[in-house]
Amino acid sequence: MPAAVEFRDVCRFFGTVRAVDRVSMEIAEGEFFAMLGPSGSGKTTCLRLIAGFEQPTHGAVRIFGQDMTGVPPYRRAVNTVFQDYALFPHLNVLDNVAYGLMVAGRGRAERRREAEAALELVQLPGYGARRPGELSGGQRQRVALARALVMKPRVLLLDETLGALDLKLREQMQEELKALQRKVGITFVFVTHDQGEALSMADRIAVFNEGRIEQIGTPEEVYNRPAKPFVADFVGSSNVLPPEVTFAVAGRRAWASLRPEAIRLVGGGRPARVLATAFLGASTRLHLEMAGLDITMLLPRGAQVPQPGETVSIGWADGDLHLMESA
Ligand code: ATP
């Protein structure tokens, strides 16, 4: 079975800017795939290459095995949900959702039936007569989803879709989006710079940096076994130990990552000086200096918090120091 989306050595350059630089990946049918990376790392350009709003400078994009070179957006089995929702303010919700069906020349009764079914799917039954201005941010987001799903794409592209929502609503929508994807069973490709969002929703994550993919893996893989220092740092703000420090603490000369939550205050451990502390609610973050290196650790709630300037003794389980293949 061909991949839903395949990139083979894809580049997209804008003048001297290498927005996407030799990216190869395969996204399986039915997968929830996240493209994660900092601003400017090339994720949105990859999404636009799938949608057909951009053409590769080099390489090929295939959708279900078909080469997409020269195929315009409306001829691709994909649909995009944009961050700003792009709803028509003067149309009611039902007409917004049915808009694509109208453009495609479908009859009135069918449009209504399909749009109502899509609104049901996103848990907004009975909202058809409202205008976008009468909806909350989360509801507008759902309408935008319904409008994309009503066209029955085989691949749904989501561009920082939850970015405009407040934290609580965003977490709720993350769960809903995941449940929705399972229900409709189509491929979701999701762009985000929020590692928590990618970890909580995706089956697999591609971590982008400067137009390239640093690692592709399941959330557990990229979090627990980052391939490179960039991934360790970006996904979960790990402590990254250069080879000489790893050698000093573990006798191996390699880059290593150590999760803040894996570090404990223990008797007879390694000395570290407390630089700063920050109360986070569920935990307290300690900023430490150990062997000339800045280290972050999380102290569980209820533990005694040391003061800046104090020297503490820290340790971790051997298995928590993860050695990486390269810089
Ligand atoms: P963000 O999260 O900020 O959207 P991103 O990871 O999605 O970032 P892209 O939008 O793909 O990154 O941009 C990658 C690089 O390509 C950036 O340096 C950007 O300025 C550049 N770029 C993107 N589109 C164009 C364009 N049409 N013309 C020129 N440069 C562009």
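**Entry 1: a loop residue to start with**

I began at Glu210, which I found in the loop between β9 (204-209) and β10 (212-217). The phi of Glu210 is near 50°, a positive value in a residue other than glycine. I then asked whether Glu210 is buried or exposed. Glu210 counts as exposed, because its relative accessibility is 64% and the cut-off for exposed is over 50%. A note to keep in mind from here on: I am reading a predicted model.

**Entry 2: another positive phi**

I looked up Arg22 next, since it also has a positive phi, about 55°, although it is not a glycine. Arg22 lies in strand β2. With a relative accessible area of 53%, Arg22 is exposed.

**Entry 3: the whole chain**

I stepped back for an overview. The protein chain has nine helices and 17 strands. I noted a span of about 75 × 45 × 35 Å for the C-alpha trace along its principal axes. Of the 327 residues in the chain, 47% are buried.

**Entry 4: around the ligand**

Which residues surround the ligand? My list reads Phe14, Val17, Ala19, Pro38, Ser39, Gly40, Ser41, Gly42, Lys43, Thr44, Thr45 and Glu160. Sorted by class, this shell holds four nonpolar, six polar and two charged residues.

I checked distances to the ligand's oxygen atoms. For Ser39, a polar side-chain atom lies 2.6 Å from an oxygen atom of the ligand. For Ser41, the atom is a backbone N or O, and it lies 2.9 Å from a ligand oxygen. Gly42 also places a backbone N or O atom by a ligand oxygen, at 3.0 Å. Taken alone, the ligand exposes 630 Å², and the protein buries 59% of that.

Which elements give two or more residues to the shell? They are β2 (17-27) and α1 (43-51). The largest share, three residues, comes from α1.

**Entry 5: β1, β4 and β5**

I moved on to strand β1 (residues 5-14), which pairs with strand β4 (residues 58-63) in the antiparallel sense over five bridges. To find my place in the pairing, I looked up Val5: its bridge partner in β4 is Ile63.

β4 also runs antiparallel to strand β5 (residues 66-67), and two bridges join them. Here Arg62 stands opposite Asp67 in β5. β4 and β5 form a hairpin with two residues between them, and Phe64 in the turn has a positive phi of about 45°.

Still in β1, I stopped at Glu6. Is Glu6 buried or exposed? Glu6 is buried, since its relative accessible area is 10% and buried means under 20%. The side chains of Glu6 and Arg8 are joined by a polar contact of 2.5 Å.

**Entry 6: an open sheet of four strands**

A reminder to myself: strands of a sheet pair through backbone hydrogen bonds, either parallel or antiparallel. I traced an open sheet of four strands in the order β15-β14-β13-β16, with antiparallel pairing. Why is one side of β15 (293-300) and of β16 (311-315) left without a neighbour in the sheet? Both stand at the edges, each with a single partner strand, so one side of each has no neighbour there. From one strand to the next, the twist averages 50°.

Within this sheet I followed strand β14 (residues 283-290), which is joined to β15 by eight bridges in an antiparallel run. Leu286 stands opposite Met297 in β15, which gives me a handy pair to click on.

**Entry 7: an open sheet of three strands**

I then traced an open sheet of three strands, in the order β11-β12-β17, again with antiparallel pairing. β11 (239-241) and β17 (322-323) are the edge strands, and each pairs on one side only. Two bridges join strand β12 (residues 256-258) to β17. As a landmark, I wrote down Ser257, which stands opposite His322 in β17.

**Entry 8: a glycine to finish**

My last lookup was Gly128, found in the loop between α3 (108-121) and α4 (137-149). Gly128 counts as buried, at 13% relative accessibility. I also checked Gly128 against Asn96: they are 32 residues apart in sequence, and 8.9 Å apart in space from C-alpha to C-alpha.

Definitions and conventions
Residues are numbered from 1 along each chain as its sequence is written. This is a predicted model: local features need pLDDT of at least 70, side-chain atom pairs count only at pLDDT 80 or more; totals for chains, interfaces and linings use all residues. Side-chain values use heavy atoms; hydrogens and water are left out. A residue is near a molecule or strand if one of its heavy atoms lies within 4 Å of it. A polar contact is a pair of N or O atoms within 3.5 Å; within protein, one must be able to donate a hydrogen and the other to accept it, and residues adjacent in sequence count only if both atoms are side-chain atoms. Accessible areas come from the Shrake-Rupley method with a 1.4 Å probe; for residues, only the protein chains shown count as cover. Ala, Val, Leu, Ile, Met, Phe, Trp, Tyr, Cys and Pro count as nonpolar, Asp, Glu, Lys and Arg as charged, and the others, Gly among them, as polar. Two strands pair if DSSP finds at least two bridges between them. Axes are lines fitted to C-alpha atoms, for helices over the stretch in contact, and angles run from 0 to 180 degrees between N-to-C directions. Buried means under 20% relative accessible area, exposed over 50%, partly exposed in between (1.4 Å probe, protein chains only).
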